[in-house]
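The following note is offered to a colleague who is about to examine this model. Its points are numbered so that each may be checked against the coordinates.

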Amino acid sequence: MAFKRTKKIRKKNKTQPTEEFILRTPKGMHDVLPSEQPYWDRINKVIRSVAELYGFGEIRTPILEFALLFQKTAGQATDLIEKEMYLLKTRGGDLLALRPEGTAPVARAYLEHKLGRVAQPQKLYYLGPMFRHENPQLGRYRELTQVGFEILGGANDALYDAQIIAIFRRILAELKIKNVKLKINSIGCRSCRPQYLRLLQNYYSYYEKEICADCSRRLKVNPFRLLDCNKEACKEIKEEAPNILDKLCSACSRHLKDVLEYLDEIGIAYELDNYLVRGLDYYNRTVFEFFAEEEKNNVGALLGGGRYDYLIEFLGGKSTPAVGGAAGIERLIVVMKSQEIVFPQKSSKKIFVAHVGGLAKKKAFTLIERLRQECNVAISEMLSKDSLKAQLKVADRESASLALILGQKEIYEENVIIRDLQSGLQETVPLSNIVEEIKKRL
Ligand code: AMP
């Protein structure tokens with residue numbers, strides 16, 4: 001039993017993986033093989049075109065940041081910081097973290113490069129890997145790829161919340177993902193939230209013996225997360241918990257109302273969900289998540305985000321309004337596969353070059369390079385095979401439309417055969433004219 005053996009080895013030698021581990025990716029990390037690339041290409045294309053439409057500039061931040069950046073901004077009592085961060089100490093003694101999320105690095109870059117002085121607000125987007133030491137399952141990995149859109153600076157205006165939501169709605173629509181649902185809530189601000197949290201704590205203290213172990217912990221360190229719990233024991237208790245929407249201050253209520261009105265204006269449907277909260281300390285007011293209602297392969301939220309007006313302040317900057325969100329690309333792909341979303345096949349033609357004989361092989365090699373340079377067309381070959389039949393089999397498998405065949409006779413006469421692989425018709429043309437011939441036929 002290979003599994004048992006692996007377990008034994010792991011126990012015996014926890015820090016020094018043996019050879020058995022060389023041929024697999026670490027837990028929760030994946031290769032993306034060429035067969036998966038059409039999904040990634042499509043998503044990349046959609047993201048970049050939507051970013052351009054909405055006037056967002058791309059920002060790339062390092063994969064490693066000082067751990068303090070996340071510790072200072074996310075709050076200590078969050079799983080992301082307490083349990084999920086990959087930490088490493090450099091030879092120089094710096095404590096770095098593989099970034100678990102993209103918003104804090106963007107805010108750091110905003111301050112470090114004084115982007116607020118360039119233009120207000122700054123509209124930025126990023127795309128790249130994040131790392132979280134979570135328990136892997138479908139749609140939950142340790143290396144994940146996120147695309148995030150952030151608006152930092154400018155006015156504290158509800159229209160920006162609606163704009164971020166509209167961007168993600170547009171991305172989901174362009175990817176043809178169906179049955180999408182938007183959930184939205186407000187988690188208040190510094191003035192109304194503490195009072196609500198006290199109410200929530202008082203209410204839950206009454207049920208302390210009945211709630212699950214996780215909730216007992218949350219009750220003390222992060223009471224907002226009590227609303228996240230879906231365990232049977234806690235569900236009924238949650239149903240009767242105080243509703244934050246009844247406790248918002250007038251400024252937060254107005255902000256939420258404005259966001260909802262903007263969404264109505266642009267025809268984006270939503271569901272108010274007063275249980276929706278976000279674990280990180282820097283969020284305030286609007287929080288949202290998009291789901292795809294799937295019968296099978298339910299992966300949870302496809303994306304989430306919210307307003308984070310305190311983040312820049314946490315980093316030592318002046319009070320700066322900000323709002324954004326992030327989607328997990330791997331989750332989008334799970335849903336796209338489950339909904340059997342297919343992409344239009346590229347119609348570009350492919351040319352196959354075949355040869356017969358050693359001399360023709362060298363000439364074919366040169367011809368291929370010349371065509372790639374001068375015709376800008378995809379060329380494939382199987383020059384390592386001598387048999388013409390075997391080569392043409394590959395051309396067929398790769399759905400090439402034309403085959404160029406060079407044999408001893410053609411080399412001698414400085415010609416090449418062009419065969420139309422659909423009709424089977426072929427003609428011989430001078431090698432010197434081949435570029436014009438190909439361009440004519442494409
Ligand atoms: P968050 O940064 O936690 O708000 O997550 C934003 C989005 O990233 C989620 O809605 C998911 O689509 C995706 N995501 C978060 N955690 C994971 C994970 N461990 N594996 C894959 N995707 C994730």
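1. Helix H2 (residues 37-54) lies across strands S1, S5 and S6, and its direction runs at about 160° to that of S5. The model under discussion is a predicted one, and every remark below should be read in that light.

2. The strands that H2 lies across belong to an open sheet of 8 strands with mixed pairing, in the order S1-S5-S6-S11-S10-S9-S7-S8. Strand S1 (57-58) and strand S8 (271-272) form the edges; each has a single partner strand, so one side of each is left without a neighbour in the sheet.

3. At the S1 edge, the pairing is with strand S5 (residues 122-131), in the parallel sense and over 2 bridges. Within this part of the sheet, glutamate 58 is placed opposite tyrosine 125 of S5.

4. The approach to S5 deserves inspection. Proline 121 is found in the loop between helix H5 (103-112) and S5, and the peptide bond that leads to proline 121 from glutamine 120 is cis, with omega near -5°. A second backbone feature occurs at lysine 176, in the loop between helix H6 (158-174) and strand S7 (180-186). The phi of lysine 176 is positive, near 65°, although the residue is not glycine. Both features merit a check because most residues other than glycine have a negative phi, and most peptide bonds are trans.

5. A separate description is needed for the open sheet of 3 strands, which has the order S2-S4-S3 and antiparallel pairing. Strand S2 (64-66) and strand S3 (86-89) are its edges, and each has a single partner strand, so one side of each is left without a neighbour in the sheet. From one strand to the next, the twist averages 35°.

6. Strand S4 (residues 95-98) is joined to S2 by 3 bridges, the two running antiparallel, and to S3 by 4 bridges, again antiparallel. Leucine 96 in S4 is the bridge partner of phenylalanine 66 and is also the bridge partner of leucine 88. Helix H3 (residues 67-74) packs on this sheet and touches S2, S3 and S4, with its direction at about 65° to that of S2.

7. The hairpin of S3 and S4 has 5 residues between its strands, and glycine 93 in this hairpin takes a positive phi near 100°.

8. Which residues come nearest to the ligand? Of the 15 residues around the ligand, they are Arg132, Glu134, Tyr141, Arg278 and Leu302. The shell as a whole divides into 6 nonpolar, 4 polar and 5 charged residues.

9. Oxygen atoms of the ligand have polar partners from both side chain and backbone. A polar side-chain atom of glutamine 146 lies 2.9 Å from a ligand oxygen. A backbone N or O atom of alanine 301 is 3.1 Å from an oxygen atom of the ligand, and a polar backbone atom of glycine 328 is 3.1 Å from a ligand oxygen. On its own the ligand has 480 Å² of accessible area, of which the protein covers 87%. Strand S6 (143-152), strand S10 (303-307) and strand S11 (322-328) are the elements that give two or more residues to the shell around the ligand; S6, S11 and S10 are consecutive in the order of the sheet of 8 strands.

Terms used:
Residues numbered from 1 in each chain as written. Predicted model: local features only at pLDDT ≥ 70, side-chain atom pairs only at ≥ 80, totals over all residues. Heavy atoms only, no water. Near = heavy atom within 4 Å. Polar contact = N/O pair within 3.5 Å; in protein donor to acceptor, adjacent residues only side chain to side chain. Areas by Shrake-Rupley, 256 points an atom, 1.4 Å probe, with all protein chains shown as cover. Nonpolar A, V, L, I, M, F, W, Y, C, P; charged D, E, K, R; others polar. Pairing = 2+ DSSP bridges. Axes fitted to C-alpha atoms, helices over the stretch in contact; angles between N-to-C directions. Contact = heavy atoms within 4.5 Å.
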